[in-house]
Amino acid sequence: MADEATKKSKLEVVSPATPKDADDIEALWLDPKLGDGITDTHWHKIPIGKPRNFFRAHPDKSFRRKTEIYVHKPEDAIEEQYYIIAPTMRGQIVEARPCVIVPCIYRDGSPRLWPIMFPRSGEKDNEAWKTARAAVRAALEKWVKLVWVGRSYQTRDAQPGYAPNPEWNKLPSFNEMVKLAVGADGIIRDKSHPIYLDLTGAPAKKATDAGADIGGDDGGDNDL
């Protein structure tokens, strides 16, 4: 028994002390929120509205579309609802306005669509719209965050090393992103759409009435 104990003591492995240059080993790794580039991401829903954190705007003009949009604000609801106006209905909803839809991206790779508003024909531009457009132009080249000051937007630049340049090629096509953002009912194609009926005070439809056939919509002009 004594011999076995002696053998065991000789086989014991003593763990070496942690080298000083490994004390901050965690600092060597990039932020895990940036993803690992191994798994594929499939988007099932893309939010729409102004970015709420540091973001970049898609630099490719083919990923920007000019259209008309209506922003619906239901009572007792926090989130706004966005409806794209199809060409056949443009000018039919006075609350709608021209916009350019711009894809944005957060540093974890998740996209968001931001409708940048423009004045209607004959309408005066305002500081909120003008500074929103300026913020998007800044976000084409660097990571910025929106800051609301008074009645306009300012941008706050992210610190160096916040995130690498976005991998834009991993995003879906522009039309696919719009489809995921607004859904089948998010395009007002005719006067049978529930939102148009609600805005115009139409009488409630009977349960047997046929619903509107809402489909996709291609983009329009490129602009910013």
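## Exercises: a pocket and its neighbours

Strand E2 (65-72), strand E3 (81-85), strand E5 (111-117), helix H2 (127-139) and helix H3 (174-182) each bring at least two residues to the lining of the largest pocket. Keep in mind that this is a predicted model.

**Exercise 1.** Work out how big the largest pocket is by volume, and what lines it.

*Solution.*
- Step 1: start with the volume, which comes to about 770 Å³ for the largest pocket.
- Step 2: go to the middle. Of the 31 lining residues, Gly49, Lys50, Val71, Glu80 and Tyr82 are the closest to the centre.
- Step 3: look for the top contributor. That's E5, which gives the most to the lining, with five residues.
- Step 4: sort the lining by class, and you get 19 nonpolar, three polar and nine charged residues.

**Exercise 2.** Find the strands that pair with E3, and give the sense of each pairing.

*Solution.*
- Step 1: take E2. Strands E2 and E3 run antiparallel to each other, with four bridges between them.
- Step 2: pick out one bridge here. Val71 is partnered by Tyr82 of E3, and both residues are among the closest to the centre of the largest pocket.
- Step 3: now take E8, which pairs with E3 in the parallel sense over two bridges. Ile85 has Ile188 of E8 as its bridge partner.
- Step 4: check how covered E3 is. Four of its five residues are buried, so the strand counts as mostly covered, with buried meaning under 20% relative accessible area.

**Exercise 3.** List the buried residues of H3 and say which elements they pack against.

*Solution.*
- Step 1: run along the helix and pick out Phe174, Met177, Val178, Leu180, Ala181 and Val182, the buried residues of H3.
- Step 2: see what those residues touch. They pack against E2, E3, strand E4 (97-105), E5 and strand E8 (187-188).
- Step 3: link this back to the pocket. E2, E3 and E5, like H3 itself, each supply at least two lining residues.
- Step 4: step off the end of the helix. Gly183 follows H3, and its phi is positive, near 75°.

**Exercise 4.** Decide where to go easy on the details, using pLDDT.

*Solution.*
- Step 1: get the overall picture. The protein chain averages a pLDDT of 83, and 72% of the residues score at least 70.
- Step 2: compare the elements. Helix H1 (residues 2-11) has the lowest mean, 54, while strand E1 (residues 56-57) has the highest, 98.
- Step 3: check residues 210-220, where pLDDT stays under 50; the model has 23 contacts beyond four places in sequence for this stretch.
- Step 4: draw the lesson. Predicted coordinates shouldn't be read in detail where pLDDT is low.

How values were computed. Residues are numbered from 1 along each chain as its sequence is written. This is a predicted model: local features need pLDDT of at least 70, side-chain atom pairs count only at pLDDT 80 or more; totals for chains, interfaces and linings use all residues. Side-chain values use heavy atoms; hydrogens and water are left out. On a 1 Å grid over the protein atoms alone, a cavity is a set of points where a 1.4 Å probe fits but cannot get out, and a pocket is an open set with protein on both sides within 12 Å along at least five of seven lines; lining residues have an atom within 4 Å of a point. Grid points are joined across faces, edges and corners, and a volume is the space filled by probe spheres set on the points. Ala, Val, Leu, Ile, Met, Phe, Trp, Tyr, Cys and Pro count as nonpolar, Asp, Glu, Lys and Arg as charged, and the others, Gly among them, as polar. Buried means under 20% relative accessible area, exposed over 50%, partly exposed in between (1.4 Å probe, protein chains only). Contact means heavy atoms within 4.5 Å. Two strands pair if DSSP finds at least two bridges between them. pLDDT is the predictor's confidence in each residue, from 0 to 100.
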